[in-house]
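I opened the notebook to record what I looked up in this structure, entry by entry. I begin with the chain as a whole and then turn to single residues.

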Amino acid sequence: MAAASGTEPRFYRPPYGVLSSGALAAARAQRLTPVLWTCWGREWAAGATPGSVYATLSADLAPGATVLLHDSDCTSPAGASTAALGALPRLLEDCAERGLRVGPLADHGLVS
């Protein structure tokens, strides 16, 4: 896996948030720490816009939050990734106004 990104992955986000025993065993075998999210943009819903994604995210945004957004339209309606990316500037401004620090998942103190 490191050949593609230049670094070994440390975390595993199960598709749809389903933590089955098989998925957990596979993650453990690969020394990956399973993680879920505390708020998501639901950009995959038909008709999602940057405004709707931002509104959904900001309702549950809190210190220590893990935000889930998707960067692909491969299994979502066309434009889903554009809605997610379009929400980011406003989301980042909101975080700054609330005094929330934005960073990578590794900054959450999780160990794998």
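**Entry 1: the chain as a whole**

I looked first at how far apart in sequence the contacting residues are, and among contacts with a separation of 6 or more in the protein chain, 56% join residues 24 or more positions apart. I note here that the model is a predicted one.

I then listed the secondary structure of the protein chain, which comes to four helices and four strands, and I read their order from the N terminus as α-β-α-β-β-α-β-α. For the extent of the protein chain I have a box of roughly 40 × 35 × 30 Å around the C-alpha atoms, taken along the principal axes.

For the surface, I have an accessible area of about 7300 Å² for the protein chain, with 57% of this area belonging to carbon and sulfur atoms. Of the 112 residues in the protein chain, 24% are buried. I also looked up the charged side chains, of which 8 are positive and 9 negative, and the centres of the two sets lie 10 Å apart.

**Entry 2: the nonpolar core**

Which residues make up the largest nonpolar core? I found 11 residues in this core, namely C39, V53, Y54, L57, L61, A65, A83, A87, L91, C95 and L100. Helices α3 (50-60) and α4 (80-98) each supply at least two residues of this core, and the largest share, four residues, comes from α4.

I followed one core member, L100, further: leaving aside its neighbours within four places in sequence, L100 is in contact with L61, A62, P63 and C95.

I also looked up D94, which is found in helix α4. Is D94 buried or exposed? D94 counts as buried because its relative accessible area is 8%, which is under the 20% cut-off. Not counting residues up to four places away in sequence, D94 touches Y54, S58 and L61, and I note that Y54 and L61 are among the residues of the largest nonpolar core.

**Entry 3: the cysteines**

How many disulfides does a search of the whole structure find? I have zero disulfides from that search. C39 is in no disulfide, and its nearest cysteine sulfur, that of C95, is 8.5 Å away. Why is C95 not bonded to C39? The two sulfur atoms cannot be counted as a pair because 8.5 Å is too far for a bond, the cut-off for a disulfide being 2.5 Å. As for accessibility, C39 is buried, with a relative accessible area of 1%, and C95 is likewise buried at 6%.

**Entry 4: two arginines with positive phi**

I turned next to the backbone angles, keeping in mind that most residues other than glycine have a negative phi. R31 has a positive phi of about 60° although it is not a glycine, and its place is in the loop between α2 (21-29) and β2 (33-34). R31 is exposed, with a relative accessible area of 70%.

R42 also has a positive phi, near 50°, and it too is a residue other than glycine. I found R42 in the loop between β3 (39-40) and α3, where it counts as partly exposed at 40% relative accessibility.

**Entry 5: two glycines and a threonine**

Where is G79 found? I placed G79 in the loop between β4 (67-68) and α4, and with a relative accessible area of 29% it is partly exposed. G79 and G47 are 32 residues apart in sequence, and their C-alpha atoms are 8.7 Å apart in space.

G109 is found in the segment after α4 and is exposed, with a relative accessible area of 57%. Along the chain G109 and D60 are 49 residues apart, and I have 21 Å between their C-alpha atoms.

The last residue I looked up was T66, which lies in the loop between α3 and β4 and counts as buried at 18% relative accessibility. Which residues is T66 in contact with, leaving aside its neighbours within four places in sequence? I found L36, W37, T38, C39, L105 and H108 in contact with T66, and one of these, C39, is a member of the largest nonpolar core.

Methods:
Residues numbered from 1 in each chain as written. Predicted model: local features only at pLDDT ≥ 70, side-chain atom pairs only at ≥ 80, totals over all residues. Heavy atoms only, no water. Buried < 20%, exposed > 50% of the residue type's maximum accessible area, 1.4 Å probe, protein only. Contact = heavy atoms within 4.5 Å. Areas by Shrake-Rupley, 256 points an atom, 1.4 Å probe, with all protein chains shown as cover. Lys, Arg positive; Asp, Glu negative; His and termini not counted. Charge placed at Lys NZ, Arg CZ, Asp CG, Glu CD. Core = buried A, V, L, I, M, F, W, Y, C linked by side-chain atoms within 4.5 Å.
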